[in-house]
Structure formats: C-alpha cells, structure tokens
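Open the model in your viewer and keep the sequence panel visible. We will go from the whole chain down to single residues.

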Amino acid sequence: MFAAFDQRRYLIPFRATLLPQIFCEVLVVGGGVAGCTAALSASRENADADVILVHKRSPHDSNT
C-alpha cells in the first residue's frame, strides 16, 4: 500500500517496556451482565486466582 506503513508497525510510536504491566490468572473484558457473571464464576471456582474485570467506563455508566 504505502511505503511508510510497511516500515513501522504502529501509527503512534511508543515503548511497550514503559507501559504498566499487571499479571493475573483470569482477565474478563466487558463489564455487562455476562462479564460480571464470568468474573464472579471464575473467582468462585478458584479462590486463589487473581481475576481482573476490564471495561471502558466507570461502573456507574453501565446499563446493567
């Protein structure tokens, strides 16, 4: 397509080593009913597992 796109991988340059890293056993993407149910179910299955629920906005902005 364009030569500039072939030379670099990202449109905005950044160093991934400077980004914060969080490690967990279970990552649930989506804070709706299905996401909350999946996070609760994963935490009940293994009490020692770290579960992180990620969604776009604050919990109060959700429709559920």
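Start with the whole chain of this predicted model. Take the contacts with a separation of 6 or more: 55% of them join residues 24 or more positions apart. Now colour by accessibility. Buried residues make up 8% of the 64 residues.

Switch to cartoon view. You should find two helices and two strands. Followed along the sequence, they come in the order α-β-α-β.

**Stop 1: the strand pair.** Select residues 26-29, which are strand S1, and residues 51-54, which are strand S2. How do S1 and S2 pair, parallel or antiparallel? They are parallel, with four bridges between them.

**Stop 2: Val26.** Pick Val26, in strand S1. Its bridge partner in S2 is Val51. Draw a distance between their C-alpha atoms: 4.8 Å, although 25 residues separate the two in sequence. Next, show what touches Val26. Beyond its neighbours within four places in sequence, the contacts are Ala42, Asp50, Val51 and Ile52. Is Val26 buried or partly exposed? It counts as partly exposed, because its relative accessibility is 25% and buried means under 20%.

**Stop 3: the crossover.** Add helix H2, residues 33-45, to the selection. Together S1, H2 and S2 form a β-α-β unit, and it is right-handed.

**Stop 4: along H2.** Hide everything but H2. Place a distance between its end C-alpha atoms: 18 Å. That agrees with the 18 Å expected for 13 residues at 1.5 Å a residue.

**Stop 5: the two sides of H2.** Show side chains on H2. Which residues of H2 are buried? They are Gly35, Ala39 and Ala42. Turn the view to look down the helix axis. These buried residues fall within an arc of 65 degrees, so they line one face of H2. Bring the strands back: the buried residues of H2 pack against S1 and S2. Ala42 is also one of the contacts of Val26 seen at Stop 2. Now rotate to the other side of H2. There Val33, Ala34, Arg44 and Glu45 are exposed.

**Stop 6: the cysteines.** Select Cys24, then Cys36. Cys24 is partly exposed, at 29% relative accessibility. Cys36 is partly exposed too, with a relative accessible area of 31%. How many disulfides are there? The count is zero, where a disulfide needs two cysteine sulfur atoms within 2.5 Å.

Definitions and conventions:
Residues are numbered from 1 along each chain as its sequence is written. This is a predicted model: local features need pLDDT of at least 70, side-chain atom pairs count only at pLDDT 80 or more; totals for chains, interfaces and linings use all residues. Side-chain values use heavy atoms; hydrogens and water are left out. Buried means under 20% relative accessible area, exposed over 50%, partly exposed in between (1.4 Å probe, protein chains only). Two strands pair if DSSP finds at least two bridges between them. A crossover is right-handed if, with the strands pointing away from the viewer, the path from the first strand over the helix to the second runs clockwise. Contact means heavy atoms within 4.5 Å. The expected span of a helix is 1.5 Å times one less than its number of residues. The arc is that of the directions from the helix axis to the C-beta atoms.
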